[in-house]
Amino acid sequence: MFRWIVIVLLAIGVIGTGVWGYQEHQEKNAILVQAENNYQRSFHDLTYHIDLLHDKLGTTLAMNTKEQLSPQLIEIWRLTSEAQTDVGQLPLALLPFNKTEEFLANIGDFTYRTAVRDLENEPLTDKEVETLESLYEKSGDIEKELRKVQHMVLEENLRWMDVQVALATNDQQADNTIVDGFETVEETVKGYTEGNFGPSLTGTSKENHDYQFINGKEITEQQALEKVRELFDIDENTDITITKTGEGAKVPTYSGSYHTDDKSGYIDISTKGGHPLSLMVNREVSEPKISLFEGMEKANDYLSKLDFKNMEMFESSQYDNVGVYNFVYTEDDIRIYPDSVQVKVALDNGEILGLSSRDYFRNHQERNISEPTLTEEEAKDKVNPNVEIQEQSLAVVEDDLGEEVLAYRFLGTLGQDTYQIFIDANKGIEVQVEKLKVAENKYE
């Protein structure tokens, strides 16, 4: 009797294991099928969007009116975004495809820049028309190559999961038809981007003149160590670790750090001139003993000691027991918002806990600011009439394209919220509308 009970239990266990294994197998297959379906959908969507992109680029060449051209260019920009999303959903992480993605990004950048400007007063130049013609031609080449891959995928019932496995294992024996096709697309685009894109598509603002305005002599590691100790205001008994960035860094820096029982710090300073680019101090901050205004004075004094001149505080906030202050450079009473610096101050004793000056050193330069075309009253008429304006001034800000423009800044309220509204001082269009931040609520 006992033997039969054991046999029955073993049989139940074997059957249960089989059922469990079968279910696991089915679930695994379902996941693989879903992944394959997503890859197939993304690939065919990519091919479709490239088809449309080619057609739309061709259509723009036949247009001559601003009313039709601007929406068409915006549609091309939208299609490039869709195509980039499709590429991002394909298993191509191990396959170099950056030139094609760069090509799509540059098309989007060019068409957006062109569409948002006033084509009535600034129509397409001969150079821009040539660019559109070359984009149309090259997108046609990409369309043909993708169509070839699509035909083979459908004809031979190729699976993207096999592509993923082949790329991950570097399997040379696997059917790499899809991989070969995408490598052909990449080579097609590579030849174009290296010889044809140039600055006419990207402009100078996208390059963002990375830190070319940092000045001063190169400092040694020992000088960097002394500078870091001075900026942290720590004595000789505290050990500081100094490292230097490798070749190819956008801005060569020395990084310094220290750690004690109650706090730690980290800092980046430029090797050229020893300018502090960022500083962080981590410690427990107790209950405030100084006001937010007194903290602002501490921050202002700190910037003066670091030789930041003509800085004006334009925004302050308190988060827990820390004051955060945003400063901008001013020139002839005009705020230069790209040249900004942020300082964090502990409100228990006024110690500087943070500094971020990368924007300042990336953008600060000599500027030739011309007189505005519009008067302050003319610009004020462009502001939403429901906004109650509290103050106004001139400012230099960056537009959506990353280019600096002279604008009138209007500070106003709408309901319970406060806004900064920037109106282009020459064209009368809204450059930025920004809702000012308030201190974060505490949820306990």
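**View 1. Tyr 329 meets its bridge partner, Ile 336 in strand S7.** This is a predicted model, and we start at a pair of neighbouring strands. Strand S6 covers residues 322-331, and it runs antiparallel to S7 over ten bridges. Just two residues sit between S6 and S7, giving a hairpin. Look in that turn for Asp 332, whose phi is positive at about 55°.

**View 2. On to the hairpin that S7 makes with S8.** Here the link has five residues, and Gly 350 in the turn shows a positive phi of about 80°. S8 takes in residues 352-356 and pairs with S7 in the antiparallel sense, over four bridges. To find your way along the pair, pick out Val 345, which stands opposite Ile 352 in S8.

**View 3. Strand S9 joins S7 in the parallel sense.** S9 spans residues 388-398 and shares two bridges with S7. Find Arg 335 and you can follow it across to its bridge partner in S9, Ala 395.

**View 4. How much of S7 is tucked away?** S7 runs over residues 334-346, and eleven of its 13 residues are buried, so the strand is largely enclosed by the rest of the structure.

**View 5. Now for a nonpolar patch on the surface, made by Ile 74, Trp 77 and Val 116.** Together these residues offer about 240 Å² of accessible area. Ile 74 belongs to helix H2, which covers residues 66-88. Is Ile 74 buried or partly exposed? Its relative accessibility is 32%, so Ile 74 counts as partly exposed; the buried label is for residues under 20%.

Technical notes
Residues numbered from 1 in each chain as written. Predicted model: local features only at pLDDT ≥ 70, side-chain atom pairs only at ≥ 80, totals over all residues. Heavy atoms only, no water. Patch = residues over 30% accessible without salt bridge, like charges linked within 9 Å, V, L, I, M, F, W, Y side chains within 5 Å. Areas by Shrake-Rupley, 256 points an atom, 1.4 Å probe, with all protein chains shown as cover. Salt bridge = Lys/Arg side-chain N within 4 Å of Asp/Glu carboxyl O. Buried < 20%, exposed > 50% of the residue type's maximum accessible area, 1.4 Å probe, protein only. Pairing = 2+ DSSP bridges.
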